[in-house]
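Please open the model in your viewer and keep the sequence panel beside it. The stops below say what to select and what to look for there.

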There are 2 protein chains.
Amino acid sequence: MDIMYFEDIEVGQKRVKSLTYQVKKEEIIQFARHWDPRTFHIDEAAAVSSVFGGLVACSAHIFSILSWFGTHGNRRTASMAALGFDELHMHHPVRPDDTLSCCFTTLEKHESRSKQDRGIVRTLASLFNQQSIEVFSAIIITMVAKRSR
Amino acid sequence: MDIMYFEDIEVGQKRVKSLTYQVKKEEIIQFARHWDPRTFHIDEAAAVSSVFGGLVACSAHIFSILSWFGTHGNRRTASMAALGFDELHMHHPVRPDDTLSCCFTTLEKHESRSKQDRGIVRTLASLFNQQSIEVFSAIIITMVAKRSR
């Protein structure tokens, strides 16, 4: 596995993940039934009369898929902790059988003020569906380990 | 069930949810094994040498627990769609057996410009553990239905 340490990360660098994630209807319903059981996430028939016009994945599910991209496939970051997230936008509904791809762009990095072995990185993450429509984006603030610890 | 429509929501209003959520170790591991399989979320022994000093819930899990609070217990909002989230902060680790409580505070509301049957609400959500330490906060931007549709 190819690990990216703080030193390896370049501001402006764009990384398209090598994997895609197919969102199955059963998973949409199963996830939302426990965490966010609103009609338009769990009831296919009733979802038709919602603003979405059909079943859509809940935001916690989409957020979880973003985490999945961060921890699977090529070039993972040596993340020590997620500190926070900003500007999460649900641009477009995620529907059954959508196949999502993911792109990470480094916006900013700086050394930790208190600890020499790490830095803070701000990354823009975007999820796209199979029609290249951006469905979700967020800024991730991560504590990343240095190689030279 | 007591539903809060757009008209019922008062800016500055604070609502402490009537329920709590206990985060079990098995759930932390099971959730993270699929969505965010980093050592400090899935391997109790190895997590000891992480910055957390032990097993902690992953951010997608905490985000999902926030969704759970939004859809369970007293006084649910007539949410039509989640539009986005801002300023998500992981203030403090969520550890096995933590019992979380939740407080929502309405920051802002305004009518939709294009549709008369709805409005947009910005809500600050905070999760606290059993020691009243704030573990997580986020601003939720929601499209909320009016009663008078």
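Two residues are in contact here if their C-beta atoms, placed from the backbone, lie within 7 Å. The model is predicted, so local features need pLDDT of at least 70 and side-chain atom pairs count only at pLDDT 80 or more, while totals for chains, interfaces and linings use all residues. Residues are numbered from 1 along each chain as its sequence is written, and chains are lettered from A and ligands numbered from 1 in the order in which they are written.

**Chain A.** Select chain A. Its C-alpha atoms fill a box of roughly 55 × 30 × 25 Å along the principal axes. There are four helices and eight strands (DSSP runs numbered from the N terminus: helices H or I, at least four residues; strands E, at least two). From the N terminus on, the order is β-β-β-α-α-α-α-β-β-β-β-β.

**The interface.** Now show both chains. In chain A, 25 residues are in contact with 25 residues of chain B. On the chain A side, α4 (59-71) and β5 (79-90) each supply at least two residues, and β5(A) gives the most, with twelve. By class, that side has 14 nonpolar residues (Ala, Val, Leu, Ile, Met, Phe, Trp, Tyr, Cys and Pro), four charged (Asp, Glu, Lys and Arg) and seven polar (the others, Gly among them).

**Across to chain B.** Select residues 79-90 in both chains. Strands pair if DSSP finds at least two bridges between them; β5(A) and β5(B) run antiparallel and are joined by four bridges. To see one, pick A:G84, whose bridge partner in β5(B) is B:H89.

**Onward through the strands.** Add residues 134-145 of chain B, which form β8(B). Eight bridges join this strand to β5(B), again antiparallel, and B:A82 stands opposite B:T142. Next add β7(B), residues 118-128, which pairs with β8(B) in the antiparallel sense over eleven bridges. B:A125 has B:A138 as its bridge partner there. Five residues lie between the strands of this hairpin, where B:S132 takes a positive phi near 65°.

**Helix α4(B).** Finally select residues 59-71 of chain B. At 1.5 Å times one less than its 13 residues, the helix should span 18 Å, and its end C-alpha atoms are 19 Å apart, which agrees. Twelve of those 13 residues are buried (20 or more other C-beta atoms, placed from the backbone, within 10 Å of their own), so the helix is largely enclosed by the rest of the structure. Among them are B:F63, B:W68 and B:F69. After α4(B) comes B:G73, with a positive phi near 80°.
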